[in-house]
Amino acid sequence: MLQLSAVLAVLLIWAALAAAGLVSATALPGPTAVFGQFPQLFGDPVYWQAVGDTLDGAVTGFVAAAVIGVPLGLVTGTYAAAEQSSRLLVDVLRSFPVIALLPVFLLVLGSTPTMKTTVVLLACVFPVFLQAQYGARSVTPMIAETMDSYRVPRLLRFRKVILPSATPSVMTGLRLAATTSVLVAIGVEVLTTLPGIGHEVVQAQQGGAASRAYAYIITAGAIGYSINLLSTIAERRLLRWRPPTHTD
């Protein structure tokens, strides 16, 4: 109820600003005009094509980031030598803002879906990698010493100890990356000519259809919220074996 109340308060403030004329209708159309666009958009194939193009680039880049980031994070988190040798390279690469490198990707790959997927991959791989690495390093020293004392085989150690310990952190990294993938995909579409939600926002803005542009922006927010909600539900179900961290 508190969350719904906050949303309702934002809508009321939005409607009051639009009705009072404090902001021009071109810059901030009222919520009635914006949400009135959705019946028309839902029946427009262009709308669903834009949503599909954005999700295609986001999902492809996210999956590639998970396939690369999770194994590398687990390996570098398990072996101290691997973590120390890769620390400088990782710190340098993750310090670059991906969007700022967009002109380089445009020059090398062109304005193609492959370029969008590559940008999403680079934006998502480091959160996944670092969370997986942190999870693999979360094994307590006492447990590590016990495994060394009993000479537990590496594969069994990884499967029975390291992987269960790292799973919560890995799931957190995947949840963060899933939301980031959509935001980055839309950002690439805004700055390039690639089709998708971002491109439709620019087209609507240039055509003077502010309410239509805001409708696409709300669509992007709804997609991000849905992905985060689904990720949270999946994380809870996969980690049912984990004891709760707090009591009500």
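The legends below accompany several close-up views of a predicted model.

**View 1. The whole chain, an arrangement of helices without strands.**
In this predicted model, the protein has eleven helices and zero strands, so that the order of elements from the N terminus on reads α-α-α-α-α-α-α-α-α-α-α. Taken along the principal axes, the box filled by the C-alpha atoms is roughly 75 × 55 × 30 Å. Of the 248 residues in the protein, 37% are buried. Among contacts with a separation of 6 or more, 74% are between residues that stand 24 or more positions apart.

**View 2. The stretches that UniProt annotates, shown on the predicted model.**
An unreviewed UniProt entry places the feature "signal peptide" at residues 1-18, and in the model this stretch is 94% helix and 0% strand, with its end C-alpha atoms 26 Å apart. The feature "transmembrane region", likewise from an unreviewed UniProt entry, is placed at residues 60-80, 92-112, 118-140 and 213-234. Two of these spans are described here, beginning with residues 92-112, where the chain is 52% helix and 0% strand and the end C-alpha atoms lie 27 Å apart. Residues 213-234, in turn, are 100% helix and 0% strand, and the C-alpha atoms at the ends of this span are separated by 32 Å.

**View 3. Two salt bridges within helix α5.**
The structure holds five salt bridges, and this view takes in the pairs Arg87 with Glu83 and Asp91 with Arg94. Between Arg87 and Glu83 the closest N and O atoms are 2.9 Å apart, and both residues belong to helix α5, which covers residues 80-94, at a spacing of four residues, or about one turn of the helix. How buried or exposed are the two partners of this pair? Arg87 has a relative accessible area of 42% and is therefore partly exposed, whereas Glu83, with a relative accessible area of 10%, is buried because its value falls under 20%. In the second pair, the side chains of Asp91 and Arg94 meet at 3.4 Å, N to O, and these residues also lie in helix α5, three residues apart, which is again about one turn of the helix. Here Asp91, at a relative accessible area of 35%, is partly exposed, and Arg94, at 44% relative accessibility, counts as partly exposed as well.

**View 4. A salt bridge that joins helix α9 to helix α11.**
The side chains of Arg175 and Glu235 meet in a salt bridge, with a distance of 3.0 Å from N to O. Because Arg175 lies in helix α9 (residues 154-191) and Glu235 in helix α11 (residues 210-238), the pair ties together parts that are 60 residues apart in sequence. Glu235 counts as buried, its relative accessibility being 12%.

**View 5. The surroundings of Arg212 in helix α11.**
Arg212 lies in helix α11 and, at 18% relative accessibility, counts as buried. Which residues does Arg212 contact when its neighbours within four places in sequence are left aside? The contacts of Arg212 are then Gln37, Gln40, Leu41, Asp44 and Ala204.

**View 6. The packing of helix α6 against helix α7.**
Helix α6 (residues 102-109) and helix α7 (residues 113-136) pack at an angle of about 140°, and their axes are 10 Å apart. That angle makes α6 oblique to α7, and the crossing of these two helices is right-handed. On the α6 side, the contact is made by Leu102, Phe105, Leu106 and Leu109, while α7 contributes Thr114, Met115, Thr118, Val119 and Leu122.

**View 7. The packing of helix α7 against helix α9.**
At what angle do α7 and α9 pack, and how far apart are their axes? The angle is about 160° and the axes of α7 and α9 are 7 Å apart. Since angles over 145 degrees count as roughly antiparallel, α7 and α9 are therefore roughly antiparallel to each other. The crossing of α7 and α9 is right-handed.

Key
Residues are numbered from 1 along each chain as its sequence is written. This is a predicted model: local features need pLDDT of at least 70, side-chain atom pairs count only at pLDDT 80 or more; totals for chains, interfaces and linings use all residues. Side-chain values use heavy atoms; hydrogens and water are left out. A salt bridge is a side-chain nitrogen of Lys or Arg within 4 Å of a carboxyl oxygen of Asp or Glu. Buried means under 20% relative accessible area, exposed over 50%, partly exposed in between (1.4 Å probe, protein chains only). UniProt positions are given in the numbering used here, feature names are shortened, and annotations may be inferred rather than shown by experiment. Axes are lines fitted to C-alpha atoms, for helices over the stretch in contact, and angles run from 0 to 180 degrees between N-to-C directions. Angles under 35 degrees count as roughly parallel, over 145 as roughly antiparallel, 65 to 115 as roughly perpendicular and the rest as oblique. A crossing is left-handed if the near helix is turned anticlockwise from the far one by less than a right angle, and right-handed if clockwise. Contact means heavy atoms within 4.5 Å.
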